[in-house]
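Here's a quick briefing to read with the fold open on your screen. Let's walk through the sheets and then the helices that pack around them.

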Amino acid sequence: MKIAKLCTAAAAILLIVTSVHATEYKTMKIRMACSTPPGTIQAAPLDKLAEIVERESDGKITFEKFYGGVLGDEQSTVKQLRSDSIQIGVMAAGNLTPFAPSSTLVIMPYLFPKKEMARIFFSDKTLMGALADKIAEQSRTRPLAWLMSGYRVLTNSRHPIKKLEDMRGLKWRVPPVELQLNTFRAWGVEPHPLAWIETFNGLQQGVIDGQENPNDLNRDTKFWEVQKYITNVHYMIWVAPILVSERWYRKLDPDTKKLFDRAAQEAALWMWDWAETQDKKALQECLDHGMTVNDLEDEAVWMEKARAIWPKYYNVIGGKEVLDKALAVMGQK
């Protein structure tokens, strides 16, 4: 009787162990792209995702990586995802908005006046699930997770920015994204829309005087070679989706879908903490290379003017109730 019980127990354990490793993934190669070089806030989480998937699939799923904008600018990345010529990509969220207007929600100016609010927002499964479905419907691409870095600080080559009036007379590069362009217009300046891959040359040649991006991108691009002054401003956190081709994603079997869903979420959570550390290190490196940093003396004015454009985008994001729900989740309502 004891032997029979032991055999039954052993069989049960074997069944559990076997079931854990029972998933057989199909052999496939995934093409993924981003506009920044290896080791940066776009590429590092993609590497983490690939590491997880390759390990969990016992090497049956592999990745071909196109980093540093070798396949074109960020909006080109979205187009290639739509056609399934690549399967996974990362780009600043603003560059998704021309294809998925609903994604404008995540870049509403001063939506996250405190960083912890963004963590709460992007961790809400109900909110993120509804947003992902809407983006997929509009753009034929789907965010599996959202990446976050630091606030998009201002840098320029002319003088310190401490008050709103200091912005005037400078030529500011802003991504070719309507909401970001209109935010700068609300501050009384006419921005110059430029793709990211054209920004350094624009600054170097004096076509533009300043730009806005998080400290880690400023460091990785070595903006200290063409910029002097940093201004801390909290109007927008750098946010980027881990975006997949909806056509490709729909063809995946349920187990493979679950693997990519989990890997993307794990990569994003890892990146949030990694980027927090990187942002501080990056600012110090910029300062070590001769840049200087200032805080705003009148940021309440910046916030008031920027939030005044919110009503223009209620219809774009799906109605005022969508924004109200987001604010309530973060405790702002």
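One of the open sheets in this predicted model has four strands, in the order β8-β5-β9-β11, and its pairing is mixed. A five-strand open sheet, also mixed, runs β2-β1-β3-β10-β4. In total, the protein chain has 13 helices and 11 strands.

**The four-strand sheet**
- The edge spots go to β8 (210–213) and β11 (292–295); each has a single partner strand, so one side of each has no neighbour in the sheet.
- On average, neighbouring strands here are turned by 25° against each other, if you ignore direction.
- Strand β9 (residues 229–232) runs parallel to β11, and four bridges join the two.
- Want a residue pair to click on? I230 has V293 in β11 as its bridge partner.

**The five-strand sheet**
- Which strands stand at the edges of this sheet? They are β2 (61–66) and β4 (141–151), each with a single partner strand, so one side of each is left open within the sheet, without a neighbour.
- Neighbouring strands in this sheet are turned by 20° against each other on average, again with direction ignored.
- β4 is joined to strand β10 (residues 237–245) by eight bridges, and the two run antiparallel.
- A handy pair to look up is A145 and its bridge partner in β10, I242.

**Helices on the five-strand sheet**
- α4 packs on this sheet, where it touches β4 and β10, and its direction makes about 165° with that of β4.
- α2 lies across β1 (28–33), β2, β3 (88–90), β4 and β10. Relative to β2, helix α2 runs at about 165°.

**α2 against α10**
- Helix α2 (residues 43–56) packs with helix α10 (residues 254–288) at an angle of about 140°, and their axes are 8 Å apart.
- Why call this pair oblique? Angles over 145 degrees would count as roughly antiparallel, and the angle here is about 140°, so α2 and α10 are oblique to each other.
- The crossing of α2 past α10 is right-handed.
- From α2, the contact uses A44, P45, K48, L49, I52, V53 and E56. From α10, the residues are L259, F260, R262, A263, A264, E266, A267, W270, M271 and W274.
- Sorted by class, the contact of α2 with α10 has 13 nonpolar residues, four charged ones and no polar ones.

**α4 against α10**
- Helix α4 (residues 115–123) also packs with α10, at an angle of about 165° and with the axes 12 Å apart.
- That angle makes α4 and α10 roughly antiparallel to each other, because the cut-off for that label is over 145 degrees.
- α4 passes α10 in a right-handed crossing.
- The contact is made by K115, R119, F122 and S123 of α4, together with W272, D273 and E276 of α10.
- By class, the residues of the contact of α4 with α10 come to four charged, two nonpolar and one polar.

**Overall dimensions**
- The protein chain has a radius of gyration of 22 Å, close to the 20 Å that the globule rule gives for 333 residues, so the chain is as compact as a globular protein of that length.
- Along its principal axes, the C-alpha trace spans about 85 × 40 × 40 Å.

Note on methods:
Residues are numbered from 1 along each chain as its sequence is written. This is a predicted model: local features need pLDDT of at least 70, side-chain atom pairs count only at pLDDT 80 or more; totals for chains, interfaces and linings use all residues. Side-chain values use heavy atoms; hydrogens and water are left out. Axes are lines fitted to C-alpha atoms, for helices over the stretch in contact, and angles run from 0 to 180 degrees between N-to-C directions. Angles under 35 degrees count as roughly parallel, over 145 as roughly antiparallel, 65 to 115 as roughly perpendicular and the rest as oblique. A crossing is left-handed if the near helix is turned anticlockwise from the far one by less than a right angle, and right-handed if clockwise. Contact means heavy atoms within 4.5 Å. Ala, Val, Leu, Ile, Met, Phe, Trp, Tyr, Cys and Pro count as nonpolar, Asp, Glu, Lys and Arg as charged, and the others, Gly among them, as polar. Two strands pair if DSSP finds at least two bridges between them. The radius of gyration is taken over C-alpha atoms; the globule rule is 2.2 Å times the number of residues to the power 0.38.
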